[in-house]
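Thank you all for coming. I would like to take a few minutes to walk through one model with you, so please have a look at it before I begin.

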Amino acid sequence: MLTSRVFRPAQQLSSHIRRYATEPPKSGSNNTLLYGLVGAGALGGGYYYLNSGTAGQHGTQHESGAHGQPASKNEEKNIPAKAGPGTGVAASKCFTGGDQGFISLLLESSESVSHNTKKLRFKLNEEDSVSGLPVASALLTKYKGPEMEKPVIRPYTPVSDEDEPGYLDFVVKVYPNGPMSEHLHAMKPGQRLDFKGPIPKYPWTANKHEHVAFIAGGTGITPMYQVARAIFKNPEDKTKVTLVFGNVKEEDILLKKEFEELEQKFPQRFRAFYVLDNPPEGWQQGKGFITKDLLKTTLPGPKDGNIKLFVCGPPGLYKAISGPKKSPGEQGELSGVLAELGYTQDQVYKF
Ligand SMILES: Cc1cc2nc3c(=O)[nH]c(=O)nc-3n(C[C@H](O)[C@H](O)[C@H](O)COP(=O)(O)OP(=O)(O)OC[C@H]3O[C@@H](n4cnc5c(N)ncnc54)[C@H](O)[C@@H]3O)c2cc1C
């Protein structure tokens with residue numbers, strides 16, 4: 001049986017720390033004492049991004065449904081039910097890759113979720129279609145401002161479900177002088193943005209691993225959330241999940257509500273540990289860096305069977321935890337804390 005390392009210290013502290021419990025917790029978080037064990041420091045840097053470059057195929061717009069004369073009564077009978085979940089009709093996929101090129105999508109809404117992060121909803125061009133992105137994958141965005149010589153291209157991971165018809169949601173953090181994130185934050189509903197994809201990352205299939213752990217910093221959480229969603233929405237998938245999530249301040253913790261729901265719903269299979277550089281008074285969880293001690297205590301061990309660790313965050317986080325990626329398509333050597341803890345290259349995936 002797979003035993004997470006989180007069980008070991010937790011067993012010694014069993015009256016204080018809830019493990020993957022048999023019952024959902026009554027309230028609040030459960031990691032208080034465990035976090036007393038972790039050290040201090042600060043998460044730094046920013047995570048890797050694709051350089052601006054020549055854009056691929058331009059402006060292949062995905063037009064919406066057919067136009068024409070109203071259907072006759074007989075023809076109406078043959079009109080299929082609306083596509084999508086529960087209709088028995090497969091929804092069409094918006095992003096098919098290959099030579100599809102960029103698709104222009106309309107921004108439906110934009111709302112602030114923290115002082116530097118917005119949630120953006122883009123309408124898919126057909127209301128019955130779904131993004132159809134395989135898990136895990138990202139989309140490229142492309143924008144050319146009036147003063148720009150070349151378009152800027154950056155990847156983002158939707159936080160809405162791949163099977164959700166009609167729209168795509170993103171959470172985007174703004175960086176000072178960051179051309180794409182500033183543009184996304186400045187966009188107004190009704191404006192359009194070019195998207196292309198999917199950009200395949202780690203292909204997930206149910207029960208591919210017994211236990212996965214996500215080590216994330218800031219907006220590095222979005223690909224992790226995509227994989228977690230795929231795992232927990234599939235009743236056949238029994239994978240255990242541990243999340244270690246570092247942020248600067250409490251209000252920076254993205255998708256906290258969604259992860260708390262998973263923790264309540266799947267207490268035997270999902271645990272989250274939050275670490276803050278700048279914790280508020282009374283913060284009971286991790287403070288400072290995501291340290292070696294914290295990871296040793298919370299992650300499944302290198303010899304705990306079929307495990308996989310995923311890393312995504314700012315450059316400082318990669319450097320300290322796993323070593324940087326060599327390039328967007330190449331994982332690079334495993335180094336940092338995970339190598340010191342005895343994990344092997346093939347047990348770790350850098351998003
Ligand atoms: C696979 C993948 C998925 C991603 N998904 C998301 C997502 O869902 N939401 C999201 O907000 N971002 C995501 N990103 C990051 C995103 O692609 C951009 O890198 C980011 O928005 C900055 O782009 P920019 O053009 O505004 O700034 P850039 O010109 O790229 O950078 C501006 C300044 O900010 C620094 N910087 C850039 N990125 C970061 C960072 N991540 N952390 C700290 N400093 C940084 C740079 O060093 C530079 O100094 C993802 C990245 C990858 C590789």
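I will start with the chain as a whole, then go to a sheet, a core, a helix and one residue at the surface.

Please keep in mind that this is a predicted model, in which local features need pLDDT of at least 70 and side-chain atom pairs count only at pLDDT 80 or more, while totals for chains, interfaces and linings use all residues. Residues are numbered from 1 along each chain as its sequence is written.

The protein chain holds 9 helices and 12 strands; these are DSSP runs numbered from the N terminus, with helices being H or I of at least four residues and strands being E of at least two. Buried residues make up 37% of its 351 residues, where buried stands for 20 or more other C-beta atoms within 10 Å of a residue's own, exposed for 12 or fewer, and partly exposed for anything in between, with C-beta atoms placed from the backbone. Among contacts with a separation of 6 or more, 74% come from residues 24 or more positions apart, a contact being two residues whose C-beta atoms, placed from the backbone, lie within 7 Å.

Now to the sheet, which is open and has 6 strands in the order β10-β9-β8-β7-β11-β12, with parallel pairing; two strands pair if DSSP finds at least two bridges between them. The edge strands are β10 and β12 (348–350), each of which pairs on one side only.

Let us look at β9, residues 270–276, where 7 of 7 residues are buried. Phe270, Ala272, Tyr274 and Leu276 are buried on one side, and Arg271, Phe273 and Val275 are buried on the other. Strand β8 (residues 240–247) pairs with β9 in the parallel sense over 7 bridges, and Leu243 stands opposite Ala272. Towards β10 (residues 286–287), β9 makes 2 bridges, also in parallel, and there Val275 has Gly286 as its bridge partner.

What, then, do β8, helix α6 and β9 make together? They make a right-handed β-α-β unit, with α6 covering residues 256–265; right-handed here says that, with the strands pointing away from the viewer, the path from the first strand over the helix to the second runs clockwise.

Turning to the largest nonpolar core, we find 73 residues, of which Met224, Val244 and Leu309 touch the most other members; such a core is a set of buried Ala, Val, Leu, Ile, Met, Phe, Trp, Tyr and Cys residues joined through C-beta atoms within 7 Å. Domain 1 (7–46 + 202–350) and domain 2 (90–200) both give residues to this core, so it lies between them; the domain bounds come from an automatic or database assignment.

Leaving aside residues up to four places away in sequence, Met224 touches Phe214, Ala216, Leu243, Phe310 and Cys312. Met224 is also one of the buried residues of α5, as are Ile221 and Ile231, and the elements covering the buried residues of that helix include β3 (137–143), β5 (167–173) and β8.

Finally, is Glu111, in strand β1 (residues 103–114), buried or exposed? Glu111 counts as exposed, because it has 8 C-beta neighbours inside 10 Å. Residues up to four places away not being counted, Glu111 touches Lys118 and Lys119.
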